[in-house]
Amino acid sequence: MLGRVVYAMVKAQRGAGTLTSSRIGLRMFATKGKTDKEELMSKLLVEKLNAKVAEVVDTSGGCGEMYKIRVESPQFEGKTRIEQHRMVQELLKEQLKNAHGFNISTSSSK
């Protein structure tokens with residue numbers, strides 16, 4: 001069934017923070033468009049961490065409380081993976097407080 005993968009890439013030039021693309025992908029269950037929560041989390045990552053890539057995917061199968069999160073940000077430069085993950089968790093703590101689980105992948109953008 002066709003679903004979606006939220007994949008937000010942000011311009012690396014001036015005006016960072018504007019979304020430049022979305023990608024459609026396959027999911028295990030049908031859903032149309034991204035959820036409000038996915039969109040909010042992506043927006044927060046872009047705005048607060050100046051993320052060049054902010055990908056948030058609901059992997060729960062429908063309950064909306066399991067996520068795969070991928071972030072690429074220049075603010076991660078020189079930080080350990082644990083520090084990077086803590087930055088993401090702190091930023092999204094309200095959105096993830098009832099989550100069953102989440103998978104975070106981070107990298108610095110150069």
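These are my notebook entries on a nonpolar core and three residues I looked up in this predicted model.

**Entry 1: the core**

I began with the largest nonpolar core, which has 17 residues. Which of them touch the most other members? I noted Leu45, Ile69, Val71, Val88, Leu92 and Leu96. Next I looked up the elements that give two or more residues to this core, and found helix H1 (36–49), strand S2 (53–58) and strand S3 (66–72). H1 gives the most, with five residues.

**Entry 2: Leu96**

I then picked Leu96, one of the core members that touch the most others. What is Leu96 in contact with, once its neighbours within four places in sequence are left aside? My list for Leu96 reads Met41, Tyr67, Ile69 and Phe102.

**Entry 3: Arg70**

On to Arg70, which I found in strand S3. Is Arg70 buried or partly exposed? I wrote it down as partly exposed, because its relative accessibility is 26%. I also checked Arg70 against Ile104: the two are 34 residues apart in sequence, yet their C-alpha atoms are 5.8 Å apart in space.

**Entry 4: Ser73**

Last came Ser73, and I wanted to know where it sits. Ser73 lies in the loop between S3 and helix H2 (81–91). Its relative accessibility is 0%, so I marked Ser73 as buried. Which residues does Ser73 contact, leaving aside those within four places in sequence? I found Leu49, Asn50 and Ala51, and also Ser107, Ser108 and Ser109.

Key: Residues numbered from 1 in each chain as written. Predicted model: local features only at pLDDT ≥ 70, side-chain atom pairs only at ≥ 80, totals over all residues. Heavy atoms only, no water. Core = buried A, V, L, I, M, F, W, Y, C linked by side-chain atoms within 4.5 Å. Buried < 20%, exposed > 50% of the residue type's maximum accessible area, 1.4 Å probe, protein only. Helix = DSSP H or I, 4+ residues; strand = E, 2+ residues; numbered from the N terminus. Contact = heavy atoms within 4.5 Å.
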